[in-house]
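Reader: Could you take me through a close look at one part of this model, staying with local geometry and surroundings? I would be glad of the cut-offs behind each term as you go.

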Amino acid sequence: TVNDSQTYSVGDDDVVLLSGHSAEITLPGISSGRIIVIKDTSGEAATSGQAITISRQGTDTIDGANTSLSLGANYGAVMLIGDNSSSPKVWYSIAIV
C-alpha cells in the first residue's frame, strides 16, 4: 500500500499497488512480461492536483513517451506490461477506469 502523498519505488516483488492520492510511484527497469497494477484507493485522484504520478526509469518509455503517466480517475487503475524487446524499452499501459 502506498499512502497519500508518499513517494514509492516499485520493488522486485510488487505486482499490485493500492495507492492514495498525490502519490509519486517510480517504475523499475523493464523486464519483458512484468505486470504491475496501480489502483487509486482514495477515491480522490480526480481532484485537482491529487492525481497519482507514475514515473519511468532512464530511457524506458510509457507507451512510447518519455514522460510520466498520470492516474487521475477516482478509484481508477492502470495495468502496465513491460516489453524490453524493443529499443527503447516500453511499459504498455492498459487503463482500467
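Author: Happy to. Let's begin with a nonpolar patch on the surface, formed by Val 15, Val 16 and Leu 18. Together these residues have about 240 Å² of accessible area, a value that comes from the Shrake-Rupley method with a 1.4 Å probe, where for residues only the protein chains shown count as cover. A patch is built from residues with over 30% relative accessible area and no salt bridge; like charges are joined within 9 Å, and nonpolar side chains (Val, Leu, Ile, Met, Phe, Trp, Tyr) within 5 Å. A salt bridge, in turn, is a side-chain nitrogen of Lys or Arg within 4 Å of a carboxyl oxygen of Asp or Glu.

Before going further, please keep in mind that this is a predicted model, in which local features need pLDDT of at least 70 and side-chain atom pairs count only at pLDDT 80 or more, while totals for chains, interfaces and linings use all residues. Residues are numbered from 1 along each chain as its sequence is written, and side-chain values use heavy atoms, with hydrogens and water left out.

Leu 18 of the patch sits in strand S2, residues 16-19. Strands (E, at least two residues) and helices (H or I, at least four) are DSSP runs, numbered from the N terminus. Leu 18 counts as partly exposed because its relative accessibility is 37%; buried means under 20% relative accessible area, exposed over 50%, and partly exposed lies in between (1.4 Å probe, protein chains only).

The loop between S2 and S3 holds His 21. Is His 21 buried or exposed? With a relative accessibility of 12%, His 21 is buried. Its side chain makes a polar contact of 3.4 Å with the side chain of Glu 44. Such a contact is a pair of N or O atoms within 3.5 Å; within protein, one must be able to donate a hydrogen and the other to accept it, and residues adjacent in sequence count only if both atoms are side-chain atoms. Leaving aside neighbours within four places in sequence, His 21 is in contact (heavy atoms within 4.5 Å) with several residues, among them Asp 4, Ser 5, Asp 40 and Gln 50.

Ser 5 brings us to backbone angles. Most residues other than glycine have a negative phi, and most peptide bonds are trans. Ser 5, in the segment before strand S1 (7-9), has a positive phi, near 60°. Ser 22 also has a positive phi, about 65°, although it is not a glycine; this serine is placed in the loop between S2 and strand S3 (24-26). For the peptide bond, look at Ser 87 to Pro 88: this bond is cis, with omega near 0°. Pro 88 belongs to the loop between strand S8 (77-83) and strand S9 (90-96).

Now for a charged residue, Asp 60, found in the loop between strand S5 (52-55) and strand S6 (61-62). Asp 60 is buried yet has no salt bridge, and the nearest side chain of opposite charge is that of Lys 89, 5.2 Å away. For charge, Lys and Arg count as positive and Asp and Glu as negative, while His and the chain ends are not counted. The Asp 60 side chain does reach the backbone nitrogen of Ile 30, at 3.4 Å. Not counting residues up to four places away in sequence, Asp 60 touches Pro 28, Gly 29, Ile 30, Asn 66, Lys 89 and Trp 91.

Ile 30 and Trp 91 are also among the residues touched by Gly 82, again not counting residues up to four places away in sequence. Gly 82 lies in strand S8 and counts as buried because its relative accessibility is 6%. Gly 82 and Ser 31 are 51 residues apart in sequence, yet 5.7 Å apart in space, C-alpha to C-alpha. Ser 31 is in the loop between S3 and strand S4 (35-40) and is partly exposed, with a relative accessible area of 34%. Beyond its neighbours within four places in sequence, Ser 31 contacts Gly 82 and Asn 84.

Strand S9 offers one more stop, Ala 95. Ala 95 counts as exposed because its relative accessibility is 59%. Apart from neighbours within four places in sequence, Ala 95 is in contact with Ala 77 and Val 78.
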